[in-house]
Amino acid sequence: QHYVEKPSTFVSEIINCGIYLFTPAIFQHIGEVFQRNQQELVLEENSNGWQRAEVIRLEQDVFTALAGSGKLYVYKTDSFWSQIKSAGSAIYASRLYLNQYSKSHPERLAQNKPGGPTIRGNVYIHPTASIDSTAVLGPNVSIGEGVTVGAGVRVRESIVLHGASLHDHTCVLNTIVGWDSTIGRWARVEGTPSDPNPNDPYAKIDSETLFRDGRLTPSITILGCSVTIPAEVVILNSIVLPHKELSRSYKNQIIL
């Protein structure tokens, strides 16, 4: 009946988050907002003329009107929620899901078995993944479809997406390994976690800008798809764009 985006005073204890589902009729509503904005000319204080308002804000411009017309509905849930405004929040969100699985669907999580890898904490391994028995995984690790993990590999607080290959004795910490990426033998790929303060009941994930004081803010390491990391190098607090073949170690850099 009523929707307010980021209210300045108390409106409700219910927050808006998650996924939006629309019918194609949403485009009609967006079109109406666009036409209305085109008709309302906005005078900019620092400009020499008139400018047309061409920015459409989904929540403020569309949802507010839909709520009043009875065409906006919510699904209320008491399940956990977490912000995902920064790259580092993906690792934290994965931890929450794995913890939820341990309570509601423990069969989805890997267990220590004779001849299998060492599992510490909550770990998900896709059935098609190939994991060497000497590898150590966890806590908070998700291994995707077709992933290969070699002998002596250590993975902790990381997400390894489908088709990736971790060669023997690699160390992967606080990292997202992209699809079909390869990490060479004895390489170390590590990031810095940005988890909320567990001692603060109102803490939230640090969503600072990518740079601070002209330097890359330390965060988790992200390897884009089809990235190749050579043997015996260290990648620390870095973001590697897709289809890059590195030749040396990197620290606190965005590799374009």
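In this predicted model, the cover over the buried residues of helix H2 includes helix H1 (26-39). The buried set in H2 comprises Asp61, Val62, Phe63, Leu66 and Ala67. Helix H2 runs over residues 58-69 and has 12 residues. At 1.5 Å a residue, a span of 16 Å is expected, and the end C-alpha atoms lie 16 Å apart, so the two values agree. Just after H2, glycine 70 adopts a positive phi of about 75°.

Nonpolar packing was examined next. In soluble globular proteins, nonpolar side chains tend to be buried together. The largest nonpolar core here holds 31 residues. Within this core, Ile125, Ile143, Ile183 and Ile229 touch the most other members. At least two core residues come from strand S4 (123-125), and at least two from strand S7 (141-143). Another core lies apart from the largest one and has seven residues. Among its members are Ile26, Val62, Phe63 and Ala67. Val62, Phe63 and Ala67 are also buried residues of H2.

Isoleucine 229 was followed further. With residues up to four places away in sequence left out, isoleucine 229 touches Thr182, Ile183, Gly184, Ala187, Leu223, Ile235 and Leu246. Ile183, one of these contacts, is named with Ile229 among the residues of the largest core that touch the most other members.

Aromatic contacts were then surveyed. A pair of aromatic rings is described by the distance of the centres and the angle of the planes. The search of the whole structure returns four aromatic pairs. One of them joins tyrosine 3 and phenylalanine 63 in an edge-to-face arrangement, with 5.6 Å centre to centre and 90° between the planes. An angle over 60 degrees counts as edge-to-face. This pair links distant parts of the chain, with its residues 60 apart. Tyrosine 3 sits in the segment before H1, whereas phenylalanine 63 belongs to helix H2. Tyrosine 3 has a relative accessible area of 12% and is therefore buried. Phenylalanine 63 is also buried, at 3%. The cut-off for buried is under 20%.

Tyrosine 20 and phenylalanine 22 form a tilted pair. Their centres are 6.1 Å apart, and the planes meet at 45°. Tyrosine 20 counts as partly exposed because its relative accessibility is 30%. Phenylalanine 22, at 42%, is likewise partly exposed. Tyr3, Tyr20, Phe22 and Phe63 together make up one aromatic cluster. Phe63 thus appears in the cluster, among the buried residues of H2 and in the core of seven residues.

Technical notes
Residues numbered from 1 in each chain as written. Predicted model: local features only at pLDDT ≥ 70, side-chain atom pairs only at ≥ 80, totals over all residues. Heavy atoms only, no water. Helix = DSSP H or I, 4+ residues; strand = E, 2+ residues; numbered from the N terminus. Expected span 1.5 Å × (residues − 1). Buried < 20%, exposed > 50% of the residue type's maximum accessible area, 1.4 Å probe, protein only. Contact = heavy atoms within 4.5 Å. Core = buried A, V, L, I, M, F, W, Y, C linked by side-chain atoms within 4.5 Å. Phe/Tyr/Trp six-rings, centres within 6.5 Å; stacked < 30°, edge-to-face > 60°.
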